[in-house]
Amino acid sequence: MQYGKKYTQKLSLAVAIHLVTSVLATLGLWLGLSTLFANDTVLLVASWAISSGAVISLCTYLIVKTSYKPLHTLADTIIYAGHSSRGGVAPETEKLKIGKEMITALAMQVYDLASMSTQSQTITGTSAASPMQAVTPNVLDRVGLPIFGIDPDQNLTAINRAACEYICVKSEDVLGKPFYDAVKLSFQSEETFEIWLKDRQANALNGVRLWERVRTTDAEGNAIKQFDLVASFSKENQSGTETMLAIYDRTEQYKRDDQEISFVALAVHELRTPLTIMKGYIEVFEDEVGPSLNPELTGFMHKMQASAQQLTAFVGNILNVARVEENQLVLKLQENNWSDILKTAVDDLALRAGVHGKQIELSIADNLPSVAADRISIHEVINNLVDNAIKYSGDSDKIIISTTLNSDGMVETGVRDFGIGIPSAVMPDLFQKFYRSHKSRVQVGGTGLGLYLCKAVVGAHGGNIWVRSKEGEGSIFSFTLQPFDKVAHEQAAGEDGIMRGAHGWIKNHSLNRQ
Ligand code: ADP
């Protein structure tokens with residue numbers, strides 16, 4: 001359970017901070033008191049014991065309070081749901097610092113159960129309300145978060161007041177109608193809500209999932225609001241409401257992130273000219289004095305070249321992400337020899353890999369058709385994947401790039417490393433903007449934009465990108481490209497390529513999928 005893990009992590013962090021604070025405080029007390037009572041050991045030990053006892057008690061109290069708060073809120077929720085008909089204010093799960101997502105999802109389950117009992121009263125004749133009204137209880141209206149309930153056919157069975165305000169609808173206009181018509185969702189990962197729900201319906205009795213950076217769009221596809229979405233699925237729920245959804249609005253925060261990208265892109269744009277000049281001089285330097293340098297100086301020169309290349313790749317990534325965000329990254333797919341592109345890319349990357357003590361092996365099948373590719377963008381995809389293979393391959397020194405014609409007739413390329421690998425729990429999130437696994441955040445520098453960009457570029461090529469990995473054993477990032485023959489008909493007469501736009505969003509509903 002994703003947010004169960006988050007809860008444990010946050011709680012452990014809070015406990016660790018309190019423990020460290022109490023240890024530091026007692027040490028500080030000892031130092032301070034030793035200066036004060038240097039001559040009187042008994043007074044020193046006694047005053048230190050009393051004051052450190054007080055500090056430790058305070059920290060223990062804070063630890064207990066912190067870990068108890070979510071439990072307390074949950075207990076209040078259960079009590080509130082039981083007595084909701086008598087009014088009162090719903091406990092505010094939104095204000096929790098630790099375990100917010102988990103307690104909110106549990107609270108939703110509680111409200112769901114409460115609504116079932118309301119409904120069973122309805123069925124036994126104590127109320128004339130329809131089942132729809134029964135699962136739209138006033139308890140939901142008292143929750144400040146937008147909440148939706150949907151039945152097995154994805155029709156809306158419940159929508160609270162906050163949700164109506166959030167998506168600007170009246171409940172009577174949308175209740176009983178298809179959820180996907182009422183709320184247009186776009187996701188950054190392939191596992192959209194619709195796909196996840198289909199999988200749950202086919203394979204599970206219940207499940208909970210959190211998506212970050214989801215957005216609703218208007219008819220033109222412009223983002224209106226951005227939020228995190230939690231879905232809680234429970235099969236054969238007698239209330240008729242199979243799935244509950246809660247929205248945590250993050251519009252302002254994510255808008256700020258997007259603006260930051262635009263600002264960084266603006267600043268980074270200015271780096272391009274000096275970088276190009278620097279690279280030019282490094283090349284001249286290598287040509288003129290390279291052959292006469294001793295091995296140590298040659299090593300320095302290679303490091304300089306590799307750093308300039310890395311900086312160029314970084315600048316390219318930021319600029320392209322900003323373009324993807326604004327739907328301005330336009331690719332021109334042309335007929336290309338894939339083997340030539342790969343060899344050129346690997347030649348460029350060999351130096352960077354060598355500086356880090358890695359070697360790239362390239363294996364190319366000899367039956368490859370020519371592919372439809374935008375040379376510059378697809379070069380950046382290879383760059384990012386190999387860069388990651390270098391960064392995350394730990395002590396292993398081998399990176400293998402292999403390419404074949406797969407059984408679907410697509411040209412499939414894999415970049416394999418034998419490094420730290422990726423925990424299966426984080427794999428669905430890797431291709432999201434800014435996503436960095438907890439481990440790599442601590443150990444390796446990066447922006448969390450490389451794979452997001454790779455996905456947008458490969459998607460615009462009509463291909464797919466995915467990963468297979470095992471922790472401690474390494475990863476294979478693979479992507480496919482279309483043979484040019486398959487798309488040649490899209491090329492307009494007189495044009496020398498097929499224009500495609502790269503975007504980072506996947507619409508939820510298959511009928512709308514871009
Ligand atoms: P960055 O590398 O700048 O963090 P990316 O978008 O390229 O951003 O990668 C996102 C995350 O995916 C990384 O932070 C890392 O956790 C994980 N990752 C990517 N490639 C690999 C790999 N080859 N081995 C292990 N983890 C990887």
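I take a contact to mean heavy atoms within 4.5 Å. The model I looked at is predicted.

**Entry: overall**

I started with the whole chain. I found 17 helices and 15 strands. Of the 514 residues, 45% count as buried. I then looked at contacts between residues at least 6 apart in sequence, and 65% of these join residues at least 24 apart.

**Entry: α10 and α12**

I looked up which residues meet between these helices. From α10 I noted Asp258, Ile261, Val264, Ala265, Val268 and His269, and from α12 I noted Phe314, Val315, Ile318, Leu319, Val321, Ala322 and Glu325. By class, the residues of this contact are 10 nonpolar, one polar and two charged.

Next I checked the geometry. Helix α10 covers residues 251-269 and helix α12 residues 295-325; their axes are 9 Å apart and the packing angle is about 135 degrees. I therefore entered α10 as oblique to α12. The crossing of α10 past α12 is left-handed.

**Entry: Asn317**

I stayed in helix α12, where Asn317 has its place. Is Asn317 buried or exposed? Its relative accessibility is 11%, so I logged Asn317 as buried, the cut-off for buried being under 20%. Leaving out residues up to four places away in sequence, I found Asn317 touching Asn384, Gly450 and Leu453.

**Entry: α14 and α16**

The partners of Asn317 led me to another helix pair. Asn384 of α14 and Gly450 and Leu453 of α16 are among the residues by which these two helices make contact. Helix α14 spans residues 375-391 and helix α16 residues 450-460; their axes come within 9 Å and cross at roughly 145 degrees. I recorded this crossing as left-handed.

The full list for α14 is Ser377, Ile378, Val381, Asn384, Leu385 and Asn388, and for α16 it is Gly450, Leu451, Leu453, Cys454, Val457 and Val458. I sorted the residues of this contact into eight nonpolar, four polar and no charged.

**Entry: aromatic rings**

I turned to the aromatic residues. The structure holds 12 aromatic pairs. I looked at Phe148 and Phe179, whose ring centres are 5.7 Å apart with 65 degrees between the planes, an edge-to-face pair. Phe148 sits in strand β1 and Phe179 in helix α8 (residues 179-182), so that the pair links distant parts of the chain, 31 residues apart.

I also checked accessibility for both rings. Phe148 has 1% relative accessibility and therefore counts as buried. Phe179, at 2%, counts as buried. I then listed the one aromatic cluster formed by Phe148, Phe179, Tyr180, Phe187, Phe193, Trp196 and Trp211.

**Entry: Asn155**

Where does Asn155 lie? I placed Asn155 in the loop between β1 (147-150) and β2 (156-159). Not counting residues up to four places away in sequence, Asn155 touches Gly149, Ile150, Gly176, Lys177, Pro178 and Phe179. Phe179 was already in my notes as the ring paired with Phe148. I also looked up Leu175, which is 20 residues from Asn155 in sequence and 7.5 Å away, C-alpha to C-alpha.

**Entry: Val230**

My last look-up was Val230, in strand β5 (residues 223-234). With a relative accessible area of 1%, Val230 is buried. I noted Ala105 as 125 residues from Val230 along the chain, with 7.2 Å between the C-alpha atoms.

Note on methods. Residues numbered from 1 in each chain as written. Predicted model: local features only at pLDDT ≥ 70, side-chain atom pairs only at ≥ 80, totals over all residues. Heavy atoms only, no water. Helix = DSSP H or I, 4+ residues; strand = E, 2+ residues; numbered from the N terminus. Axes fitted to C-alpha atoms, helices over the stretch in contact; angles between N-to-C directions. Parallel < 35°, antiparallel > 145°, perpendicular 65-115°, else oblique. Left-handed = near helix turned anticlockwise from the far one by under 90°. Nonpolar A, V, L, I, M, F, W, Y, C, P; charged D, E, K, R; others polar. Phe/Tyr/Trp six-rings, centres within 6.5 Å; stacked < 30°, edge-to-face > 60°. Buried < 20%, exposed > 50% of the residue type's maximum accessible area, 1.4 Å probe, protein only.
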